[in-house]
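Me: Please take a close look at one helix in this model. I would like to see how it packs against its surroundings.

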Amino acid sequence: MTAAALPLHTTDDGAPARRSRAERQEIVLDTAERLFSARSSRSVGMDELVRETGLGKMTVYRLFKSKDDLVGAYLARKAATVLAYLDAELARLEGDPRAALLAVVDVVERDVTRTGFRGCPFTNVSSEYDDPQHPARSAAADYKFELHLRLERLADELVPGGGEDLAAQIHLIIDGMYLSGGLLGPDGPASHGRQLAERLIDAATA
């Protein structure tokens, strides 16, 4: 169902109800995710996106002043979703940093092996823009930074004083899995990511 086909909210007397700002924002971001994931952010114009949302042009531009702002918000929301899921996994495995580090790699493996995977959205979208200050580049960098903080915290628990190197190595494995999975599919080198992570962790703790 497209955003344009979504049923209108109604009041108790059956009259159409005005959507809240948050609801309108979610419609725009959901539409952006669908279109950007299927093609690329650069290939999707604002006129097409507005049409697909079923909202008015002025409504969309009141929410997002420009296409650049919208792309940045799309990645920021995706980052928040991914990090919240990871944090839930890490909380579940609190006290077992080895299992927690491998759980992060497992989350990536599930992502890169799913049907329709086309590569890391943070890398794909941010690479479309040259300006390092572009909202998409900023959102992608923020996500990578937050992910690395989590890896480093876990690695420090596992290898006191040596966590920085281990976290960097695990992070490189993750980036490699996303790149390889997007280009060569789930049966390519990406399928060896967890095994390599286990070896690095075992060597660091030996």
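Reply: What follows looks at helix α7 and its packing with α4.

The model is predicted. Start with the setting. The protein has 9 helices and 0 strands. Its C-alpha trace spans about 65 × 40 × 30 Å along the principal axes. Of its 206 residues, 41% are buried. Among contacts with a separation of 6 or more, 63% join residues 24 or more positions apart.

Now α7 itself. This helix covers residues 135-158. Its 24 residues should span 34 Å at 1.5 Å a residue, and its end C-alpha atoms lie 35 Å apart, which agrees.

One set of α7 residues is buried: A136, A139, A140, Y143, L147, R150, L151, L154 and A155. They pack against α4, α5 (97-112), α6 (121-126) and α8 (163-184).

Take the α4 partner. Helix α4 runs over residues 67-92. The axes of α4 and α7 come within 7 Å and cross at roughly 15°. That angle is under 35 degrees, so the two helices are roughly parallel. The crossing is right-handed.

Which residues of α4 and α7 make the contact? From α4 come D68, D69, V71, G72, L75, A76, A79, V82, L83, L86, D87 and L90. From α7 come P135, A136, A139, A140, Y143, E146, L147, R150, R153 and L154. By class, this contact has 15 nonpolar, 1 polar and 6 charged residues.

The two lists for α7 can be read together. A136, A139, A140, Y143, L147, R150 and L154 are buried, and these residues also take part in the contact with α4.

Conventions. Residues are numbered from 1 along each chain as its sequence is written. This is a predicted model: local features need pLDDT of at least 70, side-chain atom pairs count only at pLDDT 80 or more; totals for chains, interfaces and linings use all residues. Side-chain values use heavy atoms; hydrogens and water are left out. Axes are lines fitted to C-alpha atoms, for helices over the stretch in contact, and angles run from 0 to 180 degrees between N-to-C directions. Helices (H or I, at least four residues) and strands (E, at least two) are DSSP runs, numbered from the N terminus. Angles under 35 degrees count as roughly parallel, over 145 as roughly antiparallel, 65 to 115 as roughly perpendicular and the rest as oblique. A crossing is left-handed if the near helix is turned anticlockwise from the far one by less than a right angle, and right-handed if clockwise. Contact means heavy atoms within 4.5 Å. Ala, Val, Leu, Ile, Met, Phe, Trp, Tyr, Cys and Pro count as nonpolar, Asp, Glu, Lys and Arg as charged, and the others, Gly among them, as polar. The expected span of a helix is 1.5 Å times one less than its number of residues. Buried means under 20% relative accessible area, exposed over 50%, partly exposed in between (1.4 Å probe, protein chains only).
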